[in-house]
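Let's take a friendly walk through one protein chain, with its sequence and its 3D picture side by side. Keep both in view as you read.

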Amino acid sequence: MSSPHPIVEYTSPSSWALIEDKISPFAKETLAKLIKFMEEDVYPAVRVAHAQLPTDPATRWKTVIPVLVDLKAKAKQLGLWNLFLSKAHYPQWGVPLTNLEYACMAEILGRGGQLASESVNCSAPDTGNMEVLARFGSPEQQKKWLVPLLNGEIRSAFSMTERFVASSDATNIRTSIRQEGNEIVINGHKWYISGAGDPRCALHLVLGKSDPNNSDKYQQQSIVIVPANHPGVKVIRPMQVFGYDDAPEGHCEVIYDNVRVPVENLVYGWGKGFEIIQGRLGPGRIHHCMRSIGAAQYALDLLLQRVTDPAKKTFGKYLYEHGTVIADIAKSRAEIESARLLVLSAALQIDKAKAKGALKEIGIAKFVVPSMACQVIDRAIQSYGAEGVSQDTPLAAMYAGLRTLRIADGPDAVHIQQIGQRELKRAQAVTKRHAEVKKREKALADKHGVKAHL
């Protein structure tokens, strides 16, 4: 009998058994290789990477972390590269992995935070931008921008959120994109633009309104490629998230002041912006959820270590012997298992029907998984006391990231509303089916001469 796959040490034998027959031999081998790389190289490098990032703002935003450079080189040698990009959807650029297979890998990456994902070129916002360029980019755009992104030579930003509007509704975007002769002129004020602070950031994909008077509000927007160092691109400041600046990539406030780029920088066509962002955000949302499962599992592991540590006994007892700690552990385990199945289901549906055919599954995962992860991390923080909210454990930073995810790529309320509306569409069919059952019930009661409480 062969030994179990190493993934079961990080997930659970039952969830792996449920999907193992859908995982190719290549994917199983790649997953095992990824786990080994994370254990031996990436996880031990997380604190080193933090130490290599200067605290001085003058150098902090100009630094490429040395240990990350080494990790990327090794990941490439091992073939652990661009794992998110499925060949089934992107034959020219992708790797032979399904979204379901990548879901297992993303959970492992989620334990190592940004460093883990970036070390294998699977970090946002680059992943979404690569998918946009692979699907919608012209051959010239792909050669100039996609290939260097795929090679990990440059980084990128996706410029959508705006400071002075409720841009969770993308139709509210005010940034102006207009054509003048052979140029496109961009004027707008954005913020929380992830990746814009990175010294390696070479391009922004900017969403703006190109046809504000179009009667179809979903055809008013377009997306343009703007070189990061182009005249008129002004990175104002790095925004903070619960006090974290997430340097060096950051989440920046950016002003586009009369920026002029060639008309060839238009992505896909005029009025295609909304179509593009829907195609981009679907996979991006589920990738975040995949990694969130790993973060939650890691938090639970940290909780277990803490409550069984004899050095942390209080009043002569282990922490797990107090109060509701045992119940917290059980709830965390159950919530992680449930959320994982939800994410795996969404990933499988994407493989079968692409992101557009998996909107329900993606939407449910998007508002369920981050909330679950926040709750699990909060329990772990509580077990660590003051240390749990300090810089000496990863828990506080993990919580900040996961709490932010309930806003990023569409706030929870939007996804909840969409799922609720989708369910309401079933009401007529459900009512009709119920009426048919009641009709048969009455006929059966009459046949047997009984009075059913109809």
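Two residues are said to be in contact when they have heavy atoms within 4.5 Å of each other. The model shown here is a predicted one.

With that meaning of contact in hand, look at R333. Leaving aside neighbours within four places in sequence, R333 is in contact with T11, Q297, L300 and R340. R333 itself lies in helix 11, which covers residues 325-353. Is R333 buried, partly exposed or exposed? Its relative accessibility is 27%, so R333 counts as partly exposed. For a sense of scale, the C-alpha atoms of R333 and M130 are separated by 34 Å, and these two residues are 203 places apart along the chain.

**Three annotated domains**

Now step back to the whole chain. The UniProt record, an unreviewed entry, names a domain "Acyl-CoA dehydrogenase/oxidase N-terminal" at residues 65-153. The record also gives "Acyl-CoA oxidase/dehydrogenase middle" at residues 157-259, and "Acyl-CoA dehydrogenase/oxidase C-terminal" at residues 271-422. The table sets out what the model shows over each span.

| Span | Helix | Strand | Distance between end C-alpha atoms |
|---|---|---|---|
| residues 65-153 | 62% | 0% | 14 Å |
| residues 157-259 | 0% | 50% | 16 Å |
| residues 271-422 | 74% | 0% | 26 Å |

The span 157-259 has strand but 0% helix, whereas the span 271-422 has helix but 0% strand.

**Two helices that pack**

Next, find helix 10 (residues 273-307) and helix 13 (residues 395-405). How do they sit against each other? Two packed helices are described by the angle between their axes and the distance between the axes. For helix 10 and helix 13, the angle is about 150° and the axes are 11 Å apart. Since angles over 145 degrees count as roughly antiparallel, helix 10 is roughly antiparallel to helix 13. Their crossing is left-handed. On the helix 10 side, the contact is made by H288, S292, A295, Y298, A299 and L302, while helix 13 brings L395, M398, L402 and L405. Sorted by type, the residues of this contact are eight nonpolar, two polar and no charged.

**Stops in the loops**

Loops have points of interest too. Q391 lies in the loop between helix 12 (359-384) and helix 13. At 69% relative accessibility, Q391 counts as exposed. Between the C-alpha atoms of Q391 and A88 there are 42 Å, and 303 residues separate the pair in sequence.

Which two residues are joined by a cis peptide bond with omega about 0°? They are A124 and P125, and P125 lies in the loop between helix 7 (113-119) and helix 8 (126-136). Another cis peptide bond runs from A247 to P248, with omega near 5°. P248 belongs to the loop between strand 6 (233-239) and strand 7 (251-262).

Finally, look at two residues for their phi angles. Y268 is not a glycine, yet it has a positive phi of about 75°. Y268 is in the loop between strand 7 and helix 10, and at 41% relative accessibility it counts as partly exposed. K354, also a residue other than glycine, has a positive phi near 60°. Its place is the loop between helix 11 and helix 12. With a relative accessibility of 52%, K354 counts as exposed, because the cut-off for exposed is over 50%.

Conventions. Residues numbered from 1 in each chain as written. Predicted model: local features only at pLDDT ≥ 70, side-chain atom pairs only at ≥ 80, totals over all residues. Heavy atoms only, no water. UniProt positions renumbered as here; feature names shortened; annotations may be inferred. Helix = DSSP H or I, 4+ residues; strand = E, 2+ residues; numbered from the N terminus. Axes fitted to C-alpha atoms, helices over the stretch in contact; angles between N-to-C directions. Parallel < 35°, antiparallel > 145°, perpendicular 65-115°, else oblique. Left-handed = near helix turned anticlockwise from the far one by under 90°. Nonpolar A, V, L, I, M, F, W, Y, C, P; charged D, E, K, R; others polar. Buried < 20%, exposed > 50% of the residue type's maximum accessible area, 1.4 Å probe, protein only.
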